[in-house]
2 protein chains.
Amino acid sequence: MTTHIGLLGCGTVGAAVAEMLLTEKTLLARRSGQTLALKRILIRDRAKARSPAIPTTLYTTNPDDILNDPEIRIVVEVMGGVNPAKTFSLRALKAGKLLVTANKHLLALHGAQIFRAAAQADSCVGFEASCGGAIPIVLALTRGLVANEIQQVVGIVNGTCNYILSEMSATGKSYSVALAEAQAAGFAEPDPTLDVTGGDSAHKLAILAALAFGGQVPFGRIHVSGINHIDDMDLRFGRELGYVCKLLAIAEKHGQSISLRVHPTFIARQHLLGNVNGSFNAIAVVGHVSGQTIYYGRGAGGRPTASAVLADIVEAAMGTAPLLFKKLPLLNHRAALRILPIENVSSRHYLRMQVLDRPGMLHQITGILGQRGISLAAMVQHEARNDQYVPLVIMTHAAPDGNVVEALTKIDRLRGIRSPTRHIRVIDPPF
Amino acid sequence: MTTHIGLLGCGTVGAAVAEMLLTEKTLLARRSGQTLALKRILIRDRAKARSPAIPTTLYTTNPDDILNDPEIRIVVEVMGGVNPAKTFSLRALKAGKLLVTANKHLLALHGAQIFRAAAQADSCVGFEASCGGAIPIVLALTRGLVANEIQQVVGIVNGTCNYILSEMSATGKSYSVALAEAQAAGFAEPDPTLDVTGGDSAHKLAILAALAFGGQVPFGRIHVSGINHIDDMDLRFGRELGYVCKLLAIAEKHGQSISLRVHPTFIARQHLLGNVNGSFNAIAVVGHVSGQTIYYGRGAGGRPTASAVLADIVEAAMGTAPLLFKKLPLLNHRAALRILPIENVSSRHYLRMQVLDRPGMLHQITGILGQRGISLAAMVQHEARNDQYVPLVIMTHAAPDGNVVEALTKIDRLRGIRSPTRHIRVIDPPF
């Protein structure tokens, strides 16, 4: 039996999905047992140059040609962005179609509504491609680790940021140079804002945390800071102390609450996540019986993401996805997760102050830290060079985030400190 | 609806599965939506001390109490070994029960028969726990990467060997000392033969290759060599050249054929697999669209393996496993894979000869290599110390395995060579 598919969008991912459906029918049928037929592709602009592998007769600019076609069983949304992707997705579900989406932005903000619509329509949503590109992380969290109480999810989930940080670490380049090179090499968008500010990572974290902990994630409560203020000097100091810097998306269980945060983070250099370089992604998951598992692969790009989209299409066509969607509570949770604000999350902190080289400064600084229960684990101060301010690097013992931020505000107001003090959180095993 | 479960075996894994089913009912129901009830446990020896968490009333020494009980829907085989596990598994399937097994030995040797019996009975076999412990690698190969032509599978799939090799590398210990310590620490069995000779890795490779390439694996055609002849001197030379040694299970596609081999292998030190240490496992899979993905976690132990067994139990109870088993050809292939013998597999090779320190030796050696098309990429010779024989280390360019083995036979017959020449294959990216 042939399963007909309609594609909403034909950008990098959409074109790769279309090409596979058109040119790899035999492979797909041999491996999946399913006969998949691409029927229509919604595009915005007929004038744009497209893949020569895709017959132009498939294109339409009218969404009704897909959403109202009773023969189309699976709708694949690869437009990206919130609208009109949201409207089309809800219409597809309401029309009884099975939805496959790669849209992390949409799911992070309106996932609950989309999933509810799928449940009401006795349909399903496949969204493996929304996080981690080719990495089957949704599969791992919902199926492979289903018997675990998940304790922690830690991911490098944005290839652009990881590419830039890897380049900065490897070559000592500044952030702006590394970004410009990443753009030239096609690893960063012309407007990289959503990537470098951590927004894209936060979208993925919202999806991963909902699956891991079985609850809705209030997106606005994720603490997000990006890599756009990273100074290469801090990467060098980190290295000296045995760390590499990664933009991590972190969700952790603390009793009945979950903390959710995206920020540049120092990891021990020998940890596997510290060795994930370039545009690759990796996600570490700690379960109470599995222990730590890690999933690594290409987190973006047309073909790797198409690999995940096709996997979802196959499960929808086989009928396992709708069955699973009905049965597995992880996919259909209603209650919101209880969030622990970052202020209450305890971790070690790397601090770099620019300190006027004069007596008494260190005494004042340690006083402010000590009053808030923040003790020092390590300290590095190099001699001043052509500058009356010298970098003073402090690695603290674990302390609540709020105390550290408060101390830094106070320190930055001291005479003899050139603000802002640089601040990178440290993550310790098990993660 | 409650799903009743019968357990065959109550060793490390069986006890962990039983404990989870008994003590984590609420967690399992909340996450999976399934009410699972452990009804009976087959044991051999009533006198043996058992987990206090398991009521003794569950135990039976009569397999009929499980295999003939119509209420038991899922039979979990965690006895290990080929017999009577095989008989019991076939009986369970014939009785219409869903089978979950952690038995790699059984599946590697008789998987085709077990799978055929499952298909005939309209049942299914869950075997996530047979490879890679907690790592959801079966899920990744059969579902996440279903749209890929798999090109390569490379795994560190035996924790005992990886523990021993990691210790040898980190500390310079000899194989026998590292083995004895691994036994003392519980990371190696009192009889470690099946692990250290590579047999256990070959079992897992047979299962992984069948899934990856969609065909039956003739187990006897896997080339297997273990770590039991590894000399710590070679690990030091490898390190000098930038490599670490891992026991790798490798399956590769060459046109229409597949090569299958387990042997100690040098990997570049900076590769992620080169950083997998201790008893951990990791499996790298290259798909034609996904690119490389890697899966890492605990490959053995009661609770990590129970995590995978429970995941299979949940899919069986939900009904997705039987549906999938019926629909997915990857799980039910009939044709045998066409095997490329290791002689025809081309790779680089590390060779260490013990050479009498006299003129003309290098000339003879390079002559033998050159005649077989084997060219040298690097060479290390240190000065002799208290021995008239000096180690001569050669790293070759890629050459067919058969040529290298033939050359070594010839070299080992030279006067002035103390045989056997040590030989470790090298794996190069992409893997």
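## Two chains, one axis: a quick briefing

In chain A, six strands line up as an open sheet in the order S3-S2-S1-S4-S5-S6, and the pairing is parallel (strands pair if DSSP finds at least two bridges between them; helices, H or I with at least four residues, and strands, E with at least two, are DSSP runs numbered from the N terminus). The edges of this sheet are strand S3 (59-60) and strand S6 (125-126) of chain A, each pairing on one side only.

Keep in mind that this is a predicted model: local features need pLDDT of at least 70, side-chain atom pairs count only at pLDDT 80 or more, and totals for chains, interfaces and linings use all residues. Residues are numbered from 1 along each chain as its sequence is written, while chains are lettered from A and ligands numbered from 1 in the order in which they are written.

**Chain A overall**

- Chain A holds 15 helices and 17 strands.
- Its radius of gyration is 24 Å, close to the 22 Å that the globule rule gives for 431 residues, so chain A is as compact as a globular protein of that length (the radius is taken over C-alpha atoms, and the rule is 2.2 Å times the number of residues to the power 0.38).
- Along the principal axes, the C-alpha atoms of chain A fill a box of roughly 80 × 45 × 35 Å.
- Of the 431 residues in chain A, 55% are buried (20 or more other C-beta atoms within 10 Å of the residue's own, with 12 or fewer counting as exposed and anything in between as partly exposed; C-beta atoms are placed from the backbone).
- Among contacts in chain A with a separation of 6 or more, 76% are between residues 24 or more positions apart (contact: C-beta atoms, placed from the backbone, lie within 7 Å).

**Domains of chain A**

- Chain A splits into domain 1 (2-133 + 304-331), domain 2 (137-299) and domain 3 (345-426), with bounds that come from an automatic or database domain assignment.
- The centres of domain 1 and domain 2 of chain A, taken over C-alpha atoms, are separated by 27 Å.
- Where these two domains of chain A touch, 18 residues of domain 1 are in contact with 22 residues of domain 2.
- On the domain 1 side, helix H5 (residues 104-120) of chain A gives the largest share, seven residues.
- That domain 1 side breaks down into 11 nonpolar, five polar and two charged residues (Ala, Val, Leu, Ile, Met, Phe, Trp, Tyr, Cys and Pro count as nonpolar, Asp, Glu, Lys and Arg as charged, and the others, Gly among them, as polar).

**How chains A and B meet**

- 50 residues of chain A are in contact with 50 residues of chain B.
- On chain A's side, at least two residues each come from helix H2 (25-32), helix H6 (137-144), strand S12 (291-298), helix H12 (302-318) and helix H13 (320-327).
- H12(A) supplies the largest share of that side, nine residues.
- By type, the chain A side divides into 27 nonpolar, 15 polar and eight charged residues.
- The copies meet through the same surface, because 100% of the interface residues of chain A are also interface residues in chain B.
- S12(A) is joined to strand S12 (residues 291-298) of chain B by three bridges, and the two run antiparallel.
- Within that pairing, Ile294(A) stands opposite Tyr296(B).

**Symmetry**

- A turn of 180 degrees and a shift of 0.0 Å along the axis lays chain A on chain B with an RMSD of 0.0 Å (least squares on the C-alpha atoms of residues with pLDDT of at least 70 in both copies).
- That is the relation of a two-fold axis.
- In chain A, Tyr295(A) has the C-alpha nearest the axis, 2.5 Å from it.

**Inside the parallel sheets**

- In chain A, strand S1 (residues 2-8) and strand S2 (residues 35-42) pair in the parallel sense over seven bridges, with Thr3(A) opposite Leu36(A).
- Chain B also has an open sheet of six strands in the order S3-S2-S1-S4-S5-S6, with parallel pairing.
- There, strand S1 (residues 2-8) and strand S2 (residues 35-42) of chain B are joined by seven bridges, and Ile5(B) has Leu38(B) as its bridge partner.
- S2(B) is largely enclosed by the rest of the structure, because six of its eight residues are buried.
- S2(B) and S3(B) pair in the parallel sense over two bridges, and Leu42(B) stands opposite Thr60(B) in S3(B).
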